[in-house]
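This report walks through one protein structure for a reader who has not seen it before. Selected helices, strands, domains and a ligand site are described in turn.

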Amino acid sequence: METKHKIELLGMDIQALEKYLLSLGEPKFRASQIYTWIYRKQVSSFYEMSDIPKELRARLDESAQISIPRVLKQRVSQDGTRKFLMEMNDKKKVETVVIPQSRDKHTRYSLCISTQVGCPVGCAFCATGQSGFQRNLAAYEMVGQVLGSRRELAKRLKTPDETLITNIVYMGMGEPMLNYEAMVESIRILNDHRGINIGQRHITVSTAGDVKGIERLAGEDLQVTLAISLHASNDELRSQLIPLNRKYPLHELMQAVKYYVDQTHRRVTFEYIMLDDVNIALEDAQALIKLVKPVLANVNLIPYNEVSGLEFRKPSSSAVSRFFGWLKEGGLEVTLREERGADIEAACGQLSARRDRKVR
Ligand code: SAH
Ligand code: SF4
């Protein structure tokens with residue numbers, strides 16, 4: 001295929017881009033121009049780069065490419081949440097979800113991005129986990145989800161606004177810590193103020209509890225928020241729900257989280273999906289309080305989003321409030337996640353590589 005030998009510019013930082021332009025015998029400032037086109041304007045065709053000489057545009061087009069993924073399909077929820085099915089160069093597809101922060105017409109958006117095609121962790125309740133694992137995404141494919149989403153959103157909303165997306169959560173398909181280097185590289189690119197310029201504090205990385213990854217992230221000098229998918233406060237249940245718990249049981253996980261807080265002085269978030277008849281009894285609340293109280297942390301309760309073919313059920317709203325109340329009374333900082341995009345299966349854990357439905 002013709003594109004095979006082309007150099008991928010998406011995912012390059014400014015230094016790498018300068019090096020590349022120098023190798024073509026071009027001055028450094030061309031790199032800054034191209035950098036702006038890619039990361040500020042999400043342009044993927046050299047021919048649109050109007051301040052680059054025509055001859056150079058043609059030369060670039062022969063030797064390089066900018067692979068912003070294409071939005072193949074999209075579904076729009078009644079609450080404004082959009083789910084994009086994005087296609088990578090090798091035709092692999094991932095889902096990216098755009099979530100409005102309010103109902104206001106001029107609202108900003110949070111973006112939920114994928115780090116892998118499928119997921120090897122295989123959690124019992126998760127649609128992605130049930131769909132198997134295909135491959136890791138490269139850093140440029142994570143950054144590409146942001147640019148592709150911003151381009152699509154700008155088109156749909158008819159605005160050239162570069163700041164539509166202000167928050168990124170690594171909570172789409174895949175386990176970010178199992179694709180560690182690419183994930184961290186993508187954060188650095190998203191954060192660069194000359195480019196996409198998303199503040200580190202506006203970035204959240206969610207993990208199923210990969211201790212090695214948490215310890216590594218603690219040493220990166222990043223101010224991102226760490227979210228840990230807890231879902232159970234005893235090893236027996238947690239291992240049934242999240243197979244990774246067999247490798248990293250709760251005491252090791254909690255130690256790693258405390259280490260992360262000590263190193264970064266950042267408050268972490270424990271995510272806890274509420275599964276009817278499974279993990280929301282009074283003793284679950286008591287065990288959760290005991291486990292989390294010594295840590296600088298919020299608990300984010302997520303009512304389960306049902307996945308067809310799986311037997312887990314979402315609890316009633318009274319069971320949800322009761323569990324919420326117990327944790328509050330126990331002195332935890334607790335929030336309840338508002339359900340978004342459930343009507344289009346864009347809510348957490350409903351992202352599946354297999355499901356390729358028609359969208360409007
Ligand atoms: N692999 C990472 C990040 C992606 S999953 C992790 O597991 O943390 C993002 C979040 O969605 C996790 O907290 C996960 O447990 C949760 N989740 C998965 N399936 C869900 C479902 N069906 N309903 C609600 N939350 C779900
Ligand atoms: Fe993977 Fe997270 Fe789903 Fe578990 S919950 S299977 S770690 S994506």
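The model is predicted. Helix α6 covers residues 180–191, 12 residues in all, and its first and last C-alpha atoms are 17 Å apart, close to the 16 Å expected at 1.5 Å a residue. Y180, A182, M183, V184, S186, I187, I189 and L190 are the buried residues of α6. These buried residues pack against three helices and two strands: α2 (29–39), α5 (139–157) and α7 (211–218), together with β9 (165–170) and β10 (203–207).

One of these partners, α5, can be described in the same way as α6. At 1.5 Å a residue, its 19 residues should span 27 Å, and the end C-alpha atoms of α5 are indeed 27 Å apart, so the expected and computed spans agree. Helix α5 is mostly covered, with 15 of its 19 residues buried. The residue that follows α5 is K158, which has a positive phi near 55°.

The two helices are set side by side below.

| Helix | Residues | Number of residues | End-to-end C-alpha distance | Expected span |
|---|---|---|---|---|
| α6 | 180–191 | 12 residues | 17 Å | 16 Å |
| α5 | 139–157 | 19 residues | 27 Å | 27 Å |

Strand β9, another partner of α6, also leads to strand β6. Strands β6 and β9 run parallel and are joined by 4 bridges. In this pairing Y109 of β6 stands opposite I165 of β9. Strand β6 also pairs with β5 (residues 93–100), here in the antiparallel sense, again over 4 bridges. There I99 stands opposite S110 of β6.

Which way do the side chains of β6 (residues 109–112) point? Y109 and L111 point one way, S110 and C112 point the other way, and all are buried. In a regular strand the side chains alternate between the two faces of the sheet.

At the level of the whole chain, the domain assignment gives domain 1 (7–65) and domain 2 (70–344). The contact between them takes 12 residues from domain 1 and 16 residues from domain 2. The C-alpha centres of domain 1 and domain 2 are 33 Å apart.

The last site is the surroundings of ligand 2. Which residues are around ligand 2? They are C119, V121, G122, C123, F125, C126, G129, G174, E175 and A208. By type, this shell divides into 6 nonpolar, 3 polar and 1 charged.

Key
Residues are numbered from 1 along each chain as its sequence is written. Chains are lettered from A and ligands numbered from 1 in the order in which they are written. This is a predicted model: local features need pLDDT of at least 70, side-chain atom pairs count only at pLDDT 80 or more; totals for chains, interfaces and linings use all residues. Side-chain values use heavy atoms; hydrogens and water are left out. A residue is near a molecule or strand if one of its heavy atoms lies within 4 Å of it. Ala, Val, Leu, Ile, Met, Phe, Trp, Tyr, Cys and Pro count as nonpolar, Asp, Glu, Lys and Arg as charged, and the others, Gly among them, as polar. The expected span of a helix is 1.5 Å times one less than its number of residues. Buried means under 20% relative accessible area, exposed over 50%, partly exposed in between (1.4 Å probe, protein chains only). Contact means heavy atoms within 4.5 Å. Two strands pair if DSSP finds at least two bridges between them. Domain bounds come from an automatic or database domain assignment.
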